[in-house]
Amino acid sequence: MPDPAGFSLGTFSDRTADLLDGIAPRLVTIHGRRRGTSTGFIWRPGLVITADEALEADEDIQVTRPDGSRVSASLVGRDPSTDIALLRVEEQPLADMALDPTDRLRPGHLIFAAGRQADGLSAAMGIVALAGGPWRSLRGGHIDRRIHLDLRLDLQSEGGVALDTGGRILGMTVLGPRGRVLVIPSETIGRVAPQLLEKGHVARGYLGLGLQPVRLDQAAADAAGLAQPRGLIVISVDQDGPGQKAGIRQGDILTRWNADPVPSVRDIYRLLGPESVGRSVDLGIVRTGEHMTLAIEVRERPKP
């Protein structure tokens, strides 16, 4: 029975079940873990997106399709920095998936996480706990929005889709640090997945330097014009890398990227995004107590 405001719990329940039925033809089970499964979704005919973190294998991957048939899948490409992997499977007659923007998403909005487990469809409901701006993952990937969900997501449902109450697809649900449920937003998927399809990977910048944080003495910090006496000491140099070509030596201390201080390795990951490849950068260096500037051309990171 509806209440005076016109709300019917039964109608709402039917609506949420309808949302799951609507996305079900796109949800697949990924057999790419040593133990258990995860979820993926059909992005384009013959192409499945899933969570890179959940895909432990590069070969012998299988997918259980919505009709229950189990087929082999091949890895097209993966980007650990944004937690997106792309698989190729036998084509099915589905149109390209429509990914909706997340710019209207606010804390408090209801969200449904839809997945497919070995026993069938799975669903979880919660609210948006945080909807922030762009951020960098721990692996240096650019994520267009920081979206946290207040719901419980099990391992088998990781790699599924996040839907709003209108059935719009807002991104992929993944498990972050300390079990926090995150959404890799549609904007990030729409940017990364075509690169994986074209190249098999996302280009990242490469200096050819092994770095670790170090505290400078005050005289060296003053010479480099640093407010805080911190930098990154070079512990290794790739003999074929851009750092070697620029004249950087083991033991040098990196203090600046152009005019900006770089006190942490994470700062370097952030700066070595796809847009950095091919650019020339002035690196501030402290060597035997003296400050100097060396120009380096950022190259694309070699494939492992």
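Ile30 has Ser38 as its bridge partner in strand S2. The strands named here are DSSP runs (E, at least two residues), helices are DSSP runs too (H or I, at least four residues), and both are numbered from the N terminus. On S4, the bridge partner of Ile30 is Val63.

This is a predicted model, in which local features need pLDDT of at least 70 and side-chain atom pairs count only at pLDDT 80 or more, while totals for chains, interfaces and linings use all residues. Residues are numbered from 1 along each chain as its sequence is written, and side-chain values use heavy atoms, with hydrogens and water left out.

## The barrel that holds S1

Strand S1 covers residues 27-31. Five of its five residues are buried, so S1 is largely enclosed by the rest of the structure. Buried means under 20% relative accessible area, exposed means over 50%, and partly exposed lies in between (1.4 Å probe, protein chains only). Which residues cover the two sides of S1? Leu27, Thr29 and His31 are buried on one side, and Val28 and Ile30 are buried on the other.

S1 and S2 form a hairpin with six residues between them. Gly36 sits in the turn and has a positive phi of about 80°. S2 continues the pairing into S3, where Leu47 is the bridge partner of Arg44.

The table lists antiparallel strand pairs; two strands pair if DSSP finds at least two bridges between them.

| Strand | Partner strand | Bridges |
|---|---|---|
| S1 (residues 27-31) | S2 (residues 38-44) | four bridges |
| S1 (residues 27-31) | S4 (residues 61-64) | three bridges |
| S2 (residues 38-44) | S3 (residues 47-51) | four bridges |
| S13 (residues 169-175) | S14 (residues 181-185) | five bridges |

Six strands close into a barrel in the order S1-S2-S3-S6-S5-S4, with antiparallel pairing. Neighbouring strands of this sheet are turned by 40° against each other on average, direction ignored. Axes here are lines fitted to C-alpha atoms, for helices over the stretch in contact, and angles run from 0 to 180 degrees between N-to-C directions.

## The barrel that holds S13 and S14

A closed barrel of six strands runs S7-S8-S11-S14-S13-S12, also with antiparallel pairing. The twist averages 45° from one strand to the next. Within the S13 and S14 pair, Val174 has Leu182 in S14 as its bridge partner.

Where does helix H2 lie? H2 (residues 186-199) lies across S13 and S14 and runs at about 55° to S14. H2 also lies across S2, S3, S5 (70-79) and S6 (84-88), at about 50° to S6. H2 therefore lies across strands of the S1-S2-S3-S6-S5-S4 barrel and of the S7-S8-S11-S14-S13-S12 barrel.## Three residues in their surroundings

His148 lies in strand S11. His148 is buried, with a relative accessible area of 10%. Contact means heavy atoms within 4.5 Å. Not counting residues up to four places away in sequence, His148 touches Ile127, Val128, Ala129, Leu130, Arg180, Val181 and Leu182.

Ser157 lies in the loop between strand S11 (147-150) and strand S12 (161-164). Is Ser157 buried or exposed? Ser157 is buried, with a relative accessible area of 6%. Neighbours within four places in sequence aside, Ser157 is in contact with Thr39, Gln117, Ser122 and Thr173.

Ala95 is found in the loop between S6 and strand S7 (110-117). Ala95 is exposed, with a relative accessible area of 54%. Its contacts beyond four places in sequence are Arg26, Trp43 and Pro45. Ala95 and Trp43 are 52 residues apart in sequence and 8.5 Å apart in space, C-alpha to C-alpha.

## The protein as a whole

The secondary structure comes to five helices and 22 strands. The C-alpha trace spans about 80 × 50 × 30 Å along its principal axes. Of the 304 residues, 50% are buried. Among contacts with a separation of 6 or more, 61% are between residues 24 or more positions apart.
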